[in-house]
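Welcome! Please take a moment to look over the sequence and the model, and then let us walk through them together.

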Amino acid sequence: QSLRNRFRTRPKDAYENDFEEIATSTNVSKRGIYFHTELQSYRVALRLFVTYPFTTLNDPMKMEWIAEVVRVDQLSGNKRGVAIHLHSRI
């Protein structure tokens, strides 16, 4: 997949399990991203910081969003499908 579909996600609230993931979207809309992951940390209503699109950590053009998990699908194997809604840019 192309670089423009990569993004970085991490929990917004400090009391959550701390994690960071760089993932590749499987589907994108104007205000949403759907992706597959093996992490078990995602749950509905979890608020996130999302850097989208993500190229490198020091990219001056990177955009960060406040986002929220709206759906978690159990997929085959250890995978889960996660849908996030992009609320607003920071």
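Let us begin with two strands that lie side by side in this predicted model: β3, residues 32-37, pairs with β6, residues 80-89, in the antiparallel sense, and six bridges join them. Within this pairing, Y34 of β3 stands opposite A83 in β6.

Now step back to see where this pair belongs. Six strands close into a barrel, and their order around it is β1-β2-β3-β6-β5-β4, with antiparallel pairing. From one strand to the next, the twist averages 45°.

What fills the largest nonpolar core? This core has 16 residues, and those with the most contacts inside it are F7, I33, F35, Y42, L48, V50 and I84. Two or more residues come from each of β3, β4 (47-51), β5 (64-74) and β6. Such grouping fits a broader pattern: in soluble globular proteins, nonpolar side chains tend to be buried together.

F35 is a good place to pause. Setting aside residues up to four places away in sequence, F35 touches a list of partners that includes F7, E21, Y42, R80, V82 and I84. One of these partners, F7, also forms an aromatic pair with F35; the rings meet edge-to-face, 4.9 Å centre to centre, with 75° between the planes. This pair links distant parts of the chain, since F7 sits in strand β1 and F35 in strand β3, 28 residues apart. Both F7 and F35 are buried.

A second edge-to-face pair is made by F19 and Y42, at 5.1 Å centre to centre and again with 75° between the planes. F19 lies in the loop between β1 and β2 (21-29) and Y42 in the loop between β3 and β4, so the pair ties together parts that are 23 residues apart in sequence. F19 and Y42 are buried too. Ring pairs link F7, F19, F35 and Y42 into a cluster.

Is T9, in strand β1 (residues 6-11), buried or exposed? T9 counts as buried because its relative accessibility is 0%. Beyond its neighbours within four places in sequence, T9 is in contact with F19, E20, E21, Y42, L48, F49 and V50.

Finally, visit two spots in the loops. Most residues other than glycine have a negative phi, and most peptide bonds are trans. A45, in the loop between β3 and β4, has a positive phi of about 80° although it is not a glycine. With 39% relative accessibility, A45 counts as partly exposed. In the loop between β4 and β5 you will find P53, which is joined to Y52 by a cis peptide bond with omega about -5°.

Note on methods. Residues numbered from 1 in each chain as written. Predicted model: local features only at pLDDT ≥ 70, side-chain atom pairs only at ≥ 80, totals over all residues. Heavy atoms only, no water. Pairing = 2+ DSSP bridges. Helix = DSSP H or I, 4+ residues; strand = E, 2+ residues; numbered from the N terminus. Axes fitted to C-alpha atoms, helices over the stretch in contact; angles between N-to-C directions. Core = buried A, V, L, I, M, F, W, Y, C linked by side-chain atoms within 4.5 Å. Buried < 20%, exposed > 50% of the residue type's maximum accessible area, 1.4 Å probe, protein only. Contact = heavy atoms within 4.5 Å. Phe/Tyr/Trp six-rings, centres within 6.5 Å; stacked < 30°, edge-to-face > 60°.
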